[in-house]
Amino acid sequence: MMKYILVTGGVISGIGKGIIASSVGTILKSCGLHVTAIKIDPYINIDAGTFSPYEHGEVFVLDDGGEVDLDLGNYERFLDIRLTRDNNLTTGKIYQSVINKERRGDYLGKTVQVVPHITDAIQEWVMKQAQVPVDDDDIEPQVCVIELGGTVGDIESMPFIEAFRQFQFKVKRENFCNIHVSLIPQPSATGEQKTKPTQNSVRELRGLGLSPDLIMCRCTTALENSVKEKISMFCHVEPQQVICVHDVSSIYRVPLLLEDQGVVSYLSRRLNMPIETRPRKMLTKWKEMSDRSDRLLEHCSIALVGKYTKFSDSYASVIKALEHSALAISHKLEVKYIDSANLEPSTLQEDPVKYHEAWQKLCSSDGILVPGGFGVRGTEGKIHAINWARKQKKPFLGVCLGMQLAVCEFARNVLGWTDANSTEFDPETKHPVVIDMPEHNPGQMGGTMRLGKRRTIFQTTNSTLRKLYGDAEYVDERHRHRFEVNPELKSHFDEKGFRFVGQDVEGERMEVIELDDHPYFIGVQYHPEFTSRPIKPSPPYLGLLLAAAGKLQSYLQKGCRLSPRDTYSDRSGIQCLHSFDHVTDKFPEVVKSVLLQSAIVTHRVHFLRFSP
């Protein structure tokens, strides 16, 4: 029988329900269960495709072309599964399906109402989608984690709350439980952890017909016992049902935090699931990854040149892909966000300080990343950044628009086509190096781009990116774009060492570019960040980090394998000593000697984080 776990949120939005839902799924999957996930967004939009990144963060793209909420990216990364567009449920989708049924006469002339027609549609959608396999072996999931977006009490989420109030009786109590995520504020004036917002949130949830089985308290520091007992008493739950989710050094620690507090044991009893309670291999990997993340010594900086840099969630998957790659090569990642408009000469006249700060960040970075985007604002600044990366032989990765602008930059400054541009920005250009290649329905915005998984065929065997992909003949990656490189101009670029090493199956679309005589200058039309995983980083991003750290050639020569010097572990402090001289070069020799002996004897390196 399918088990359903509903995750709701209280007090404020953006409290971390997505990470907690993903973590719950992760610890259950580590028990050998097959887990799927559904994200419910109460907005009336059909999907997230038309959102501004500042409005709701990035738009995450799935294999089937679904443009969905960024939390589905968390589910895929944590659970290592592939979801579909129907795993993201919105008010718009529900109302659209109900209205279509009404127009067909499916309701036999009845008055169509929120209850029961909308609530029934929600329940039917959840039950149907929960049974869709998410793993390659096509096994039906056993557990479905459902995250309800927004905050309890929001007007737009009321139909969903009512639907799940009914749902808990439909599927029976032993198959449904509710996890409520709430905030425990800690005002700096007193330093006291306050429970009143959580009490009010739980009271409101109960008033709507749902009783939380676990209350997960988001807080800055660990919950005091007295606070936990107070929440237990006033929220009508046992103390062990109050879970502390305090701030941690890495999101990879959240599953471990939940596991340590007995969440698996509780869910096993509550949902009548026979689960092994012995240590699980999957969680052991997460612990090793988290420990290694905390011990990183060497740093690597990447300049992210974009137009949505004021809101980090705008590039959520990009940042995660960079973090996965940095962790793989044992470097602590530093992302330098640069508003591309600040790199343009016009900013020098308007605000010289912003202009010089932006260029200082760019020039001091170890690598440069130009991600995707839309609209003309800031594109010239991106071109200036790409020009600098090409001339200074700085490791560079261009994704989607970043690749297209790399083509424009090369056409202008090497081929001599000074007005070369994309027809998205200059429809009248004499050298349209990037053009609209229709694969969409004109006349509307949503879901009209080239979306989802598409195949890219490598055209040569000596491509750097092909080697990073394990010498694969082709790769399947996710796309989200309308404009593409003009294939008619390909020969002009090849003559100057600007190679289109990857193309689509038909050979009409340019998918991957590489530049001769450069340590790492790569552009991809697809979005490789969407398929990056913590233990399996995306090859284009891994290549960028390796090149930025000066390790790419060594990595390629070793058959794309990292040496022990590149990936140290807690069991071998000696493997960390390659960084010792770099970190302690300012210590007196006697201090260095003591520290060195301590490292060898204890096989631990935490002390190396102290500054001289």
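This is a short presentation on the cores, one sheet and two helices of a single structure.

Good morning. Please keep in mind throughout that the model is predicted.

I begin with the interior. The largest nonpolar core holds 51 residues. Which of them touch the most other members? They are Ile-5, Val-24, Leu-28, Met-216, Leu-258 and Leu-267. Helix H1, residues 17-29, supplies the largest share of this core, with 6 residues. Val-24 illustrates how distant parts of the chain meet: setting aside residues up to four places away in sequence, Val-24 touches Ile-5, Ile-179, Met-216, Leu-258 and Leu-267. There is also a second, separate core, made of 40 residues, and among them are Val-305, Ala-385, Met-403 and Ile-513.

I turn next to the sheet. It is open, has 9 strands with mixed pairing, and follows the order E11-E10-E12-E13-E21-E20-E19-E16-E17. At its edges are strand E11, residues 331-339, and strand E17, residues 474-481, each of which pairs on one side only. On average, and ignoring direction, neighbouring strands of this sheet are turned by 25° against each other.

Two pairs of strands show the mixture. Strand E10, residues 298-306, runs parallel to E11, and 9 bridges join the two. Within this pair, Ala-303 has Lys-336 of E11 as its bridge partner. Together with helix H12, residues 316-328, these strands E10 and E11 form a right-handed β-α-β unit. By contrast, strand E19, residues 498-504, and strand E20, residues 510-515, run antiparallel and are joined by 5 bridges. Here Phe-498 is partnered by Leu-515 in E20.

Let us now consider helix H4, which covers residues 91-104. From the first C-alpha to the last, its 14 residues reach 20 Å, close to the 20 Å expected at 1.5 Å a residue. Which residues of H4 are buried? They are Thr-91, Gly-92, Lys-93, Ile-94 and Val-98. The elements that cover them include strand E2 (35-41), strand E5 (88-90), helix H5 (114-130) and helix H6 (158-170). After H4 comes Gly-105, with a positive phi near 85°.

I close with one residue of helix H8, residues 225-235, namely Lys-228. What does Lys-228 contact, leaving aside neighbours within four places in sequence? The partners are Pro-239, Val-242 and Gln-261. In addition, the C-alpha atom of Lys-228 lies 8.9 Å from that of Thr-195, although the two residues are 33 residues apart along the chain.

Thank you for your attention.

Terms used:
Residues are numbered from 1 along each chain as its sequence is written. This is a predicted model: local features need pLDDT of at least 70, side-chain atom pairs count only at pLDDT 80 or more; totals for chains, interfaces and linings use all residues. Side-chain values use heavy atoms; hydrogens and water are left out. A nonpolar core is a set of buried Ala, Val, Leu, Ile, Met, Phe, Trp, Tyr and Cys residues joined through side-chain atoms within 4.5 Å. Buried means under 20% relative accessible area, exposed over 50%, partly exposed in between (1.4 Å probe, protein chains only). Helices (H or I, at least four residues) and strands (E, at least two) are DSSP runs, numbered from the N terminus. Contact means heavy atoms within 4.5 Å. Two strands pair if DSSP finds at least two bridges between them. Axes are lines fitted to C-alpha atoms, for helices over the stretch in contact, and angles run from 0 to 180 degrees between N-to-C directions. A crossover is right-handed if, with the strands pointing away from the viewer, the path from the first strand over the helix to the second runs clockwise. The expected span of a helix is 1.5 Å times one less than its number of residues.
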